Amino acid sequence: MPSRKARTEWSGGLQDGSGKVSLVSSGIGSYDVSFPRRAADEAGGTTSPEELIAAAHTSCYAMQLSAIIGEAGGTVKSLVADAEVGLGPDPAGGFRLTGIKLTVRGQVEGLDADGFATAAQAAKETCPISKALTGVTITLDAALA
């Protein structure tokens, strides 16, 4: 299986510095990063590691859920997955991810609400990004649209 690359170039200190994260493998973009914006309530036009984790998690999760629904005999018409990744103080010092809230709404043929909920939970447990984030509490809100 392939691997993918990203790069961050940073200059300055934590509070006064800034950087740019680039999606190297795809070449589709470079995005500003800043610790003050990362720690603020509003992103102010910059991204953060938490937002990038949310993006990675939702895309991985939607792919995995689509596969599991297909294996269960269902057909996906649409899936909309959102992730909210929290950042907060770590009692041991520094910061940590405080939790991830996954929300998914689906339009699916061939599965009832219980079947969809079962597939959604299985996808949460088996998508590679969820597996990588086992040190973070991940909650799930799944329903048919």
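Let us start with one residue, Phe-35, which is buried because its relative accessible area is 9%, under the 20% that marks a buried residue. The model you are looking at is a predicted one, and Phe-35 makes a handy place from which to explore it.

Where along the chain does Phe-35 sit? Phe-35 is found in helix H1, which covers residues 35-38. Setting aside residues up to four places away in sequence, Phe-35 touches Trp-10, Leu-14, Gln-15 and Phe-95. For a sense of distance, try finding Thr-75, 40 residues from Phe-35 along the chain: the C-alpha atoms of these two residues are separated by 42 Å.

Now step back to the whole protein. There are four helices and six strands. If you follow the chain from the N terminus, the elements come in the order β-β-β-α-α-β-β-α-α-β. Along its principal axes, the C-alpha trace spans about 55 × 35 × 25 Å.

Next, look at the strands that form an open sheet. This sheet has three strands in the order E1-E2-E3, and their pairing is antiparallel. Strand E1 (6-11) and strand E3 (29-33) stand at the edges, and each has a single partner strand, so one side of each is left without a neighbour in the sheet. On average, neighbouring strands here are turned by 20° against each other, with direction ignored.

What holds strands of a sheet together in general? Strands pair through backbone hydrogen bonds, in either a parallel or an antiparallel way. In this model, strand E2 (residues 18-23) and E3 run antiparallel and are joined by five bridges. You can pick out one of them by eye: Gly-19 has Val-33, in E3, as its bridge partner.

How much of the protein is buried, as Phe-35 is? Of the 145 residues in the protein, buried ones make up 30%. The accessible surface comes to about 8,700 Å², and 52% of that surface belongs to carbon and sulfur atoms.

Contacts also tell us how the chain comes back to itself. Taking contacts between residues at least 6 apart in sequence, 50% join residues at least 24 apart. The contact of Phe-35 with Phe-95 is one you can look up in the structure.

Finally, consider the charged side chains. The protein has 12 positive and 16 negative ones. How far apart do the centres of the two sets lie? They are 6 Å apart.

Definitions and conventions: Residues are numbered from 1 along each chain as its sequence is written. This is a predicted model: local features need pLDDT of at least 70, side-chain atom pairs count only at pLDDT 80 or more; totals for chains, interfaces and linings use all residues. Side-chain values use heavy atoms; hydrogens and water are left out. Helices (H or I, at least four residues) and strands (E, at least two) are DSSP runs, numbered from the N terminus. Buried means under 20% relative accessible area, exposed over 50%, partly exposed in between (1.4 Å probe, protein chains only). Contact means heavy atoms within 4.5 Å. Accessible areas come from the Shrake-Rupley method with a 1.4 Å probe; for residues, only the protein chains shown count as cover. Lys and Arg count as positive and Asp and Glu as negative; His and the chain ends are not counted. The place of a charge is taken as NZ of Lys, CZ of Arg, CG of Asp or CD of Glu. Two strands pair if DSSP finds at least two bridges between them. Axes are lines fitted to C-alpha atoms, for helices over the stretch in contact, and angles run from 0 to 180 degrees between N-to-C directions.
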